[in-house]
Amino acid sequence: MAVSSSLILSPLHFNFIANNKDINKNLSFLSANPLIFNISSKPTNINKGSSIVLCSYKSGSGLTAEDKRVLRERYGFDPNEYISEAKNERIKERKKQGKGKEVVAEEEAKVHRTTHKLLQVLGGKAKRKKLLSPKGMDVRPMMEVVKGAAFDILQAADGCPASLRPGRWLDLYSGTGSVGIEAISRGCSEAHFVEMDPWVVSNVLRPNLEWTGFLDASVIHPVRVETFLEQADRFAGNGSFDYISVTPPYTQVDYGMLMSQISKSPIVGENTFIVVEYPLRTDMLDSCGCLVKIKDRRFGRTHLAIYGPKWAEKKRKSDKTLQNTT
């Protein structure tokens with residue numbers, strides 16, 4: 001076996017001896033501690049023909065992450081495995097010290113998030129203006145076909161097919177703000193956006209409001225929806241809203257509890273309309289407080305329920321009867 005005489009310094013100081021059959025095991029140990037090492041070989045009296053591997057590494061300033069990556073790759077190991085394991089170990093250690101939440105938040109903050117312009121305003125003053133949305137599935141905007149249908153139903157139910165009546169719109173789980181922006185574009189005088197993700201607020205929601213020119217007609221509440229509903233008087237004031245949109249992440253909410261909390265909140269008045277987007281195989285009640293369900297439509301795996309005052313339901317039934325007679 002050839003002798004390597006070059007010395008390369010690396011962290012710690014460690015020596016061990018192994019026979020040929022143990023080389024793989026020793027290299028596995030070294031892979032868990034990716035440090036540059038010196039290998040030499042010479043005969044041993046224990047077993048003729050065997051080789052001795054001497055590894056020595058001294059205490060020092062250590063290797064860079066790139067050096068460790070190159071070394072692992074050189075010896076046939078996954079260069080990324082050590083990095084992910086080391087990161088997990090750091091998180092576990094910090095959690096033991098009571099700093100787990102801060103570490104997890106710090107690690108998540110390092111994930112690079114980007115945006116693209118796939119959404120647009122469908123009607124009104126800002127029609128066809130493109131809106132930012134995050135790439136990936138961390139924010140799931142309402143589909144445009146669902147959004148268009150929701151506003152068409154609202155305008156017809158409210159007695160003004162061309163636009164919404166002036167009023168206040170509350171966009172819960174607003175994300176990109178596309179629903180509330182659509183409401184202002186179609187005639188609402190004011191919109192409140194409830195979104196708890198600070199990155200989405202600063203990089204998506206606020207830029208969309210600035211781009212459409214609706215920032216002055218908007219109020220952003222960077223809090224959890226549950227918190228907003230519990231303290232609605234403090235956050236919103238001025239009584240109930242004219243329109244409320246509810247577009248939560250499907251798997252992260254209990255629709256029964258959410259709708260119960262909304263129905264008991266002062267944000268709902270006798271003439272309020274509520275738009276709820278919900279997934280397949282979810283049971284939605286026929287009423288929400290003093291409001292009744294006036295429409296329930298399906299769009300593939302997505303359902304759209306609209307609650308409103310009783311007079312809107314009577315108007316819809318009378319319009320339907322008139323259409324049938326003609």
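Author: Before we start, one term: two residues are in contact when they have heavy atoms within 4.5 Å of each other. Keep in mind too that this is a predicted model.

Reader: Okay, let's try that on a helix. What do the buried residues of α7 pack against?

Author: They pack against β1 (115-120), β2 (130-134), α6, β4 and β5 (218-221). The buried residues themselves are Val 200, Val 201, Val 204, Leu 205, Asn 208, Leu 209 and Thr 212.

Reader: And how do I read the ends of that helix?

Author: Look for a cap at the start and check phi just after the end. Here Asp 197 caps the N-terminal end of α7, with a side-chain oxygen 2.9 Å from the backbone nitrogen of Trp 199. After α7 comes Gly 213, whose phi is positive, near 80°.

Reader: Where does α7 kink?

Author: At Leu 205, by about 30°, shortly before the proline Pro 207. You can also check the span: the 15 residues of α7 should cover 21 Å at 1.5 Å a residue, and the end C-alpha atoms are 20 Å apart, which agrees.

Reader: Can we do the span check on another helix? How many residues does α5 have, and what does it reach from its first C-alpha to its last?

Author: α5 (residues 144-157) has 14 residues and reaches 20 Å, close to the 20 Å expected. Next, count the buried residues: 10 of the 14 are buried, so α5 is largely enclosed by the rest of the structure. Among them are Val 146, Ala 150, Phe 151 and Leu 154, and also Lys 147 and Gln 155. Just as with α7, have a look at what follows: Gly 159 comes after α5, and its phi is positive, near 85°.

Reader: How do I find the core? Which residues touch the most other members of the largest one?

Author: For a nonpolar core, you take buried nonpolar residues that are joined through side-chain atoms within 4.5 Å. The largest one here has 35 residues, and Leu 154, Leu 164, Trp 169 and Leu 304 touch the most other members. Several elements each supply at least two of its residues, including α5, α6 (178-185), β4 (190-194), α7 (198-212) and β10 (302-308). α5 gives the most, with 7 residues. There is also a second, separate core of 29 residues, which includes Tyr 173, Ile 244, Tyr 278 and Leu 291.

Reader: What is Leu 304 in contact with, leaving aside its neighbours within four places in sequence?

Author: Its partners include Met 142, Val 146, Ala 150, Val 275, Tyr 278 and Phe 299. Two of those names, Val 146 and Ala 150, are buried residues of α5.

Reader: Now a single residue. Is Tyr 243 buried or exposed?

Author: The cut-off for buried is under 20% relative accessible area. Tyr 243 has 1%, so it is buried. You'll find Tyr 243 in strand β6 (residues 241-246). Beyond its close neighbours in sequence, Tyr 243 is in contact with residues including Leu 154, Asp 158, Leu 164, Trp 169 and Phe 273. With Asp 158 there is a polar contact between the two side chains, at 2.5 Å.

Reader: What about odd phi values?

Author: Most residues other than glycine have a negative phi. That makes Tyr 173 worth a look: its phi is near 55°, a positive value in a residue other than glycine. Tyr 173 sits in the loop between β3 (168-172) and α6, and it is buried, with a relative accessible area of 17%. Arg 281 has a positive phi too, near 65°.

Reader: Where is Arg 281 found, and is it buried or exposed?

Author: Arg 281 is in the loop between β7 and β8 (287-288). At 77% relative accessibility, it counts as exposed.

Reader: Last one: how do I tell which parts of the model to read with care?

Author: Use pLDDT, the predictor's confidence in each residue. The chain's mean pLDDT is 78, and 63% of its residues reach 70 or more. pLDDT stays under 50 over residues 1-32 and also over residues 34-61.

Reader: And the whole chain, in brief?

Author: The chain has 11 helices and 10 strands. Of its 326 residues, 42% count as buried. Among contacts between residues at least 6 apart in sequence, 62% join residues at least 24 apart.

Definitions and conventions. Residues numbered from 1 in each chain as written. Heavy atoms only, no water. Helix = DSSP H or I, 4+ residues; strand = E, 2+ residues; numbered from the N terminus. Expected span 1.5 Å × (residues − 1). Buried < 20%, exposed > 50% of the residue type's maximum accessible area, 1.4 Å probe, protein only. pLDDT = per-residue confidence, 0-100. Polar contact = N/O pair within 3.5 Å; in protein donor to acceptor, adjacent residues only side chain to side chain. Bend = angle between axes of the 7 residues up to and from the residue.
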